[in-house]
Amino acid sequence: MFTRILIANRGEIALRVQRTCRELGIETVAVYSEPDRNALHVRAADAAVCIGPGPATESYLLIDKIIEVALATGAQAIHPGYGFLSENARFADACVAAGIVFIGPSGSAMRALGDKVSARKLMETAGVPVVPGANDIDANDIETARREATRIGFPLLVKAAAGGGGRGIRVVDRLEDLEGAMRASGAEAATSFGDATIFLERYVTNARHVEVQMMADAFGEVRAYGERECSVQRRHQKLVEEAPSVAVTPEIRKAMCDAAIAAAKSCGYRNAGTVEFLLASTGEFYFLEVNARLQVEHPVTELVYGVDLVKQQLQVAAGEPLPPYPYPGPMEPRGWAIECRINGEDPYQNFMPSLGLVQHMQPPLGPGTRFDTMLFDGLDVPIFYDSLLGKLIVWAETRDLALRRMRRALRDLVIAGIATNIPFHMALFENDDFKAGRIHTGWLESSFTMPEPPEDDPREITALIAAALAAGMTAAAPAANGRPASGGSNAWARQNRSRSMSFRGGGGGWQRGTAS
Amino acid sequence: MATRHRFLVAGRERIVVVDDSGGRLTAAIDDGEPLVLDVASAGIPGVISILIEGQPHSAYVARRGAGYEVVVDGRRFQVGPATAGRQRGAVGGKDHPGEVTAPLAGVVIEVRVAVGDVVPAGQPLVVIEAMKMQNEILCPLGGTIAAIHYEAGQRAEQGALLVEYTPAEGLAL
């Protein structure tokens, strides 16, 4: 096993990796950007090196710089976390070239899976179900496209082979609309990507996003840890994840896990990965893509399968075999786990990012409650990175109990100073469709409306009384000249003073800004 | 001694009268029945524990501009003084006509107008990027751009004056 690794990431995931390392007796090297100097991942590391200014392109994405730091600090391996360089094949290759272990799949496996069309062909060969479709059609070859479209059925998607970010994608409902869509898609693809090749794919409506966690070692052993339900999405961003999924029967689970294992074996995959599927309401499922990294939502799998996925990542990266597997088929999940992504976004202002100084954070505690977060009192949330502040994860024996526990934990979590999407989660967990698990990937955006705060909210009474009391308390604080300010004589302030309460008057509180 | 507080919360003016005469502490809201309180706190900013008629409530309170930010059971309230004017850059605050301030801190990545441009209401003026998301800052009223205080690449704090414009004549302000 390694004795020291570098973590090429920040925020909650850097802390998550550090915690397991600490438990295993592995030292960690943190890298950080200038505005992250005060971050928890810097404080929790055994060594910390500043790698540049705030923008990720000048710090967390600097391949050469990070490898240089790893070599200089004696790190034997690099954990990339998620995002940033985690799925960058060039980075994985560069680590190997520098004699450092990359804790993740090989660069060649990433390349094989990174291209949509080659991944699709790879999966077809491996017997993994893919969405019915047709590859490699020239945008001008209407004849072939018509023949294939009739075979696939409607509605279908016309996609640019070289596309990305939703560009070059058209939905076609009828055969007569196909030609127009092909021209549009082909033209867009030719302009944007210099390649007019398209492919056709059946459009699976009202499908769920269900993914399988897998882990592969260097000895050809691939294990699947069941599924995660990730259909609650806004603008392709997951907001809530569960394990298991209400829509997955033991039969579907077995078939999905087998498909995920076949997908991993098709490209010699090693380490942790996630195979994403579309699950149709009929129970059929289709390969979407492989996420060649540890995912944000990995904790829900950890809780229902009783594993530490980061520990297993470290073990297989160090060349150890996966721990013994006592089951003939896929393991069955134990209980139910749900994760809410706590983002710095204001749900009452169309999820506009909210950042700045976190004045107070009180984590939810108690049975079955886990909060993986970068937050602490006095953190000035930097503007350069994504809005994920933390992940609130609960476990309970059943889904219904997990829903109740999450409602309780959301109520216990206090974050003051910046707006968060906690009110969104609270509303979601009161929604009948969500509670019944009647969701699909388009459900949130098509069927859920963020309710306005209630008109006669009893919490408003508490807030008003608290504000009035605070006004009294700050007025009761001693003035700069040592004499009590006006209003300092009232009985409850005296009562408080007699309890040795300290008041901070004036503009008290956290001062913005760190030294850097 | 009774103290009368006029607050603005959730768009409504509310009156809280805190009274500690007669050896007990009460609060009455909008001239309603006084509620008996028992209070414990370690200071502001901080959590105030309030027993309202014997029922426990907790609120985190911090100063925010001339008012307070109060968080109660997952809901965040901005409790402002009803008498004071608008807090520049306060959360949910509306800009004065003729001024557009940054609703969030971020980096100005694009300026979409120039001084002298005549713009309709709703015209995007600048784009501020924060947390990898781009936010268009719109002109609330139609008018003529008078001054632009930021250029692309500069960081703007929340509440910073971004653009000044002369509202079109005849607009009811």
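The following exchange goes through a predicted model, chain by chain and contact by contact.

Colleague: How much area do chain A and chain B bury between them?
Modeller: The contact involves 63 residues of chain A and 60 residues of chain B. Carbon and sulfur atoms carry 66% of the buried area. The total for chain A and chain B is about 5,100 Å².

Colleague: How many salt bridges does the rule find across the interface of chain A and chain B?
Modeller: One of them joins the side chains of A:Arg411 and B:Asp73, at 3.3 Å from N to O. Polar contacts are counted as well, and nine residue pairs make them across the interface of chain A and chain B. The salt bridges across the interface of chain A and chain B number three.

Colleague: Which element gives the largest share of the side of chain A that touches chain B?
Modeller: The elements that give two or more residues include strands E17 (352–353), E18 (360–362) and E21 (414–416) of chain A. Helices H13 (422–428), H16 (458–476) and H17 (491–498) of chain A are also among them. The largest share is 15 residues, and it comes from H16(A).

Colleague: On the side of chain A that touches chain B, how many residues are nonpolar?
Modeller: The charged residues there number 11. Another 19 are polar. The nonpolar count is 33.

Colleague: Where in chain B does pLDDT stay under 50?
Modeller: The mean pLDDT of chain B is 85, and 91% of its residues reach 70 or more. Among its elements, mean pLDDT goes from 83 for strand E13 (residues 133–138) of chain B to 96 for strand E3 (residues 25–29) of chain B. One stretch stays under 50, and the model has 18 contacts for it beyond four places in sequence. That stretch of chain B is residues 84–93.

Colleague: How many residues of helix H11 of chain A are buried?
Modeller: H11(A) spans residues 309–317 and is mostly covered. Its buried residues include A:Leu309, A:Val310, A:Leu314 and A:Val316, and also A:Gln312, A:Gln313 and A:Gln315. Of the nine residues of H11(A), the buried ones number eight.

Colleague: Which residue has a side-chain oxygen within 3.1 Å of the backbone nitrogen of A:Val310?
Modeller: This contact lies at the start of H11(A). After H11(A) comes A:Gly319, with a positive phi near 90°. The side-chain oxygen at the start of H11(A) belongs to A:Asp308.

Colleague: Is A:Arg151 buried or exposed?
Modeller: A:Arg151 and A:Glu148 meet in a salt bridge of 2.7 Å, N to O. Both lie in helix H7 (residues 142–152) of chain A, three residues apart, about one turn of the helix. The relative accessible area of A:Arg151 is 54%, and the cut-off for exposed is over 50%. So A:Arg151 is exposed.

Colleague: Which residue forms a salt bridge with A:Glu276?
Modeller: The closest N and O atoms of the pair are 3.4 Å apart. The partners are 38 residues apart, with A:Glu276 in strand E13 (residues 271–279) of chain A and the other residue in strand E12 (residues 237–243) of chain A. Both partners are buried. A network of salt bridges links the pair with A:Glu211, A:Arg228, A:Glu241, A:Glu297 and A:Arg341. The partner of A:Glu276 is A:Lys238.

Colleague: B:Glu69 and B:Arg76 form a salt bridge, so which class of exposure does B:Arg76 fall in?
Modeller: The closest N and O atoms of B:Glu69 and B:Arg76 are 3.3 Å apart. B:Glu69 is buried at 1% relative accessible area. For B:Arg76 the value is 23%, and buried requires under 20%. B:Arg76 is therefore partly exposed.

Colleague: Which side chain makes a polar contact of 2.3 Å with that of A:Arg293?
Modeller: A:Arg293 lies in the loop between strand E14 (285–291) and helix H10 (298–305) of chain A. It counts as buried, at 19% relative accessibility. A:Arg293 touches residues including A:Gly81, A:Tyr82, A:Ser86 and A:Tyr269. The polar contact is with A:Glu87.

Colleague: What separates the C-alpha atoms of B:Leu162 and B:Ile148?
Modeller: B:Leu162 is found in strand E16 (residues 161–167) of chain B, and it counts as buried at 1% relative accessibility. Its contacts include B:Val100, B:Val126, B:Ile128, B:Ile137 and B:Ile148. B:Leu162 and B:Ile148 are 14 residues apart along the chain, and their C-alpha atoms are separated by 6.2 Å.

How values were computed. Residues are numbered from 1 along each chain as its sequence is written. Chains are lettered from A and ligands numbered from 1 in the order in which they are written. This is a predicted model: local features need pLDDT of at least 70, side-chain atom pairs count only at pLDDT 80 or more; totals for chains, interfaces and linings use all residues. Side-chain values use heavy atoms; hydrogens and water are left out. Buried means under 20% relative accessible area, exposed over 50%, partly exposed in between (1.4 Å probe, protein chains only). Helices (H or I, at least four residues) and strands (E, at least two) are DSSP runs, numbered from the N terminus. A polar contact is a pair of N or O atoms within 3.5 Å; within protein, one must be able to donate a hydrogen and the other to accept it, and residues adjacent in sequence count only if both atoms are side-chain atoms. Contact means heavy atoms within 4.5 Å. Buried area is the accessible area (1.4 Å probe) that two parts lose on being put together, summed over both. A salt bridge is a side-chain nitrogen of Lys or Arg within 4 Å of a carboxyl oxygen of Asp or Glu. Ala, Val, Leu, Ile, Met, Phe, Trp, Tyr, Cys and Pro count as nonpolar, Asp, Glu, Lys and Arg as charged, and the others, Gly among them, as polar. pLDDT is the predictor's confidence in each residue, from 0 to 100.
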